[in-house]
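Student: Got a minute to walk me through a structure? I'd like to go over the helices, the ligand site and a few odd loop residues.

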Amino acid sequence: MAAPLQGYTDAAWRQAHARIYGGVGCYYTPFARVEKGCVRAKDVRETALTDSYTLVPQIIFRDITEFDILVSALAAAGHKRIDLNLGCPFPPQVHHGRGAGALVRRDLMQQVATRINELPDMKFSIKMRLGVDSPDQWRESADIIAAMPLTHVTIHPRIARQQYSGELHTGEFAEAAAAMPHPVVFNGDILTPADIDRLLAMPHVEGVMAGRGLLARPSLAVEWLNGRQWTRDERVSAILSLHAEVLEARAGRLCGDTQILSAMRPFWDFLEAEIGHKCAKAIRKAGNMAKYTSAVASIG
Ligand SMILES: Cc1cc2nc3c(=O)[nH]c(=O)nc-3n(C[C@H](O)[C@H](O)[C@H](O)COP(=O)(O)O)c2cc1C
């Protein structure tokens, strides 16, 4: 599965990735959220259903009112599955009780559990961390989550304080996975097809979700599925095709070099090892589309 990454795995990237690499089991959208009492218009657009690939929208919420607003909007847009973000580590979100902050609030988790039971036509999954400040905090809501009728639970075995780096708490992950009656999906630091094999051999792990690893190596899933590692030439050639499609889609809704460049630079954030420092630097420094296009053309 492809992890959601705000600012990276937008509809343009997902559509192009699915077409060029044959897709993954499921793409999750970056979280949709409530702003001034409504779902943001951009989030409605970004979570629009498509026939091109399997898409599950994700929501982040700080109370049951936000949960209800988001779930109703997605149900009205035809969605049958929703992923609940209980892992976002950004301090402003956590302090408001969203993301990883929601995971440690038994009252909210109980309200969510009640609501999920009232909505039998909607399938829910959870994407969570192990805690906010300590890797055993998942235990605070574990019994409530275990009783929810979820399709699966994805666990990123870090705590919010770690953000996206540092040690993975594999021992605590194993205990959390064993405590869940649902299928468990491992998420975190998956970089190679061998990582996928290794993780799928762990007890209770029934799936994997890759984020930065898939951005750094967009062929990761297809290489694993077909049991054949691609050569660097194959990988770079496919990345250039992916880039061309993402550029066309993003440029189509933006205007002017500045907007397009700021939408496109992140595409390369995790690709420096693949394209080399020199090209990555030229792309970062390109001040207009002509320089950007020539920097991309120098990748080889
Ligand atoms: C820039 C950025 C944005 C992210 N946005 C989201 C998000 O919207 N929803 C979510 O559940 N996780 C989000 N994540 C977390 C990833 O989905 C994933 O859990 C994390 O990066 C660890 O997996 P990885 O090592 O495979 O990247 C984000 C991570 C990063 C670095």
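Tutor: Sure, we'll take the ligand, then some helices, then a few single residues. This is a predicted model, where local features need pLDDT of at least 70, side-chain atom pairs count only at pLDDT 80 or more, and totals for chains, interfaces and linings use all residues. Residues are numbered from 1 along each chain as its sequence is written, and side-chain values use heavy atoms, with hydrogens and water left out.

Student: Ok, ligand. Which of the 18 residues around the ligand come nearest?

Tutor: Pro-4, Gln-58, Asn-187, Asp-189 and Arg-212. A residue is counted as around the ligand if one of its heavy atoms lies within 4 Å of it.

Student: What does the side chain of Arg-212 do there?

Tutor: One of its N or O atoms is 2.8 Å from an oxygen atom of the ligand. Asn-85 also has a polar side-chain atom 3.3 Å from a ligand oxygen, and Phe-31 places a backbone N or O atom 3.2 Å from one. A polar contact here is a pair of N or O atoms within 3.5 Å; within protein, one must be able to donate a hydrogen and the other to accept it, and residues adjacent in sequence count only if both atoms are side-chain atoms.

Student: And how much of the ligand's accessible area does the protein cover?

Tutor: The protein covers 91% of the 610 Å² that the ligand has on its own. Those areas come from the Shrake-Rupley method with a 1.4 Å probe; for residues, only the protein chains shown count as cover.

Student: Back to Asn-187. Is Asn-187 buried or exposed?

Tutor: Asn-187 is buried, at a relative accessible area of 8%. Buried means under 20% relative accessible area, exposed over 50%, and partly exposed in between (1.4 Å probe, protein chains only). Asn-187 belongs to strand β9, residues 184-187. Leaving aside neighbours within four places in sequence, its contacts (heavy atoms within 4.5 Å) include Ala-3, Lys-127, His-156 and Gly-211.

Student: What about Asp-189, where does that one sit?

Tutor: Asp-189 is in the loop between β9 and α9 (193-200), and at 35% relative accessible area Asp-189 is partly exposed. Asp-189 also has a positive phi of about 60°, although it is not a glycine.

Student: Why would I care about the sign?

Tutor: Most residues other than glycine have a negative phi. His-204 is another non-glycine with a positive phi, about 75°. His-204 lies in the loop between α9 and β10 (205-209) and is partly exposed at 43%.

Student: Switching to helices. How many residues does α3 have?

Tutor: Helix α3 has 13 residues, 64-76, and reaches 18 Å from first C-alpha to last, close to the 18 Å expected at 1.5 Å a residue. The expected span is 1.5 Å times one less than the number of residues. Helices (H or I, at least four residues) and strands (E, at least two) are DSSP runs, numbered from the N terminus.

Student: Which residues of α3 are buried?

Tutor: Ile-64, Glu-66, Phe-67, Leu-70, Val-71 and Leu-74. Seen down the axis, they fall within an arc of 155°, so they line one face of α3. The arc is that of the directions from the helix axis to the C-beta atoms. What they pack against includes β6 (81-86), α6 (106-118) and β7 (123-131).

Student: What caps the N-terminal end of α3?

Tutor: Asp-63, with a side-chain oxygen 3.2 Å from the backbone nitrogen of Thr-65. Just after α3, Gly-78 takes a positive phi of about 95°.

Student: You mentioned α6. Which residues are buried in α6?

Tutor: Leu-108, Met-109, Val-112, Ala-113 and Ile-116. Their arc is 140°, so they line one face of α6. The face turned away from that buried side carries the exposed residues Asp-107 and Asn-117. The cover over the buried residues of α6 includes α3, β6 and β7.

Student: Last one: what does Phe-267 touch?

Tutor: Not counting residues up to four places away in sequence, Phe-267 touches Trp-13, Ile-239, Leu-242, His-243, Val-246 and Arg-250. Phe-267 sits in the loop between α13 and α14 (272-275) and counts as buried at 8% relative accessibility.
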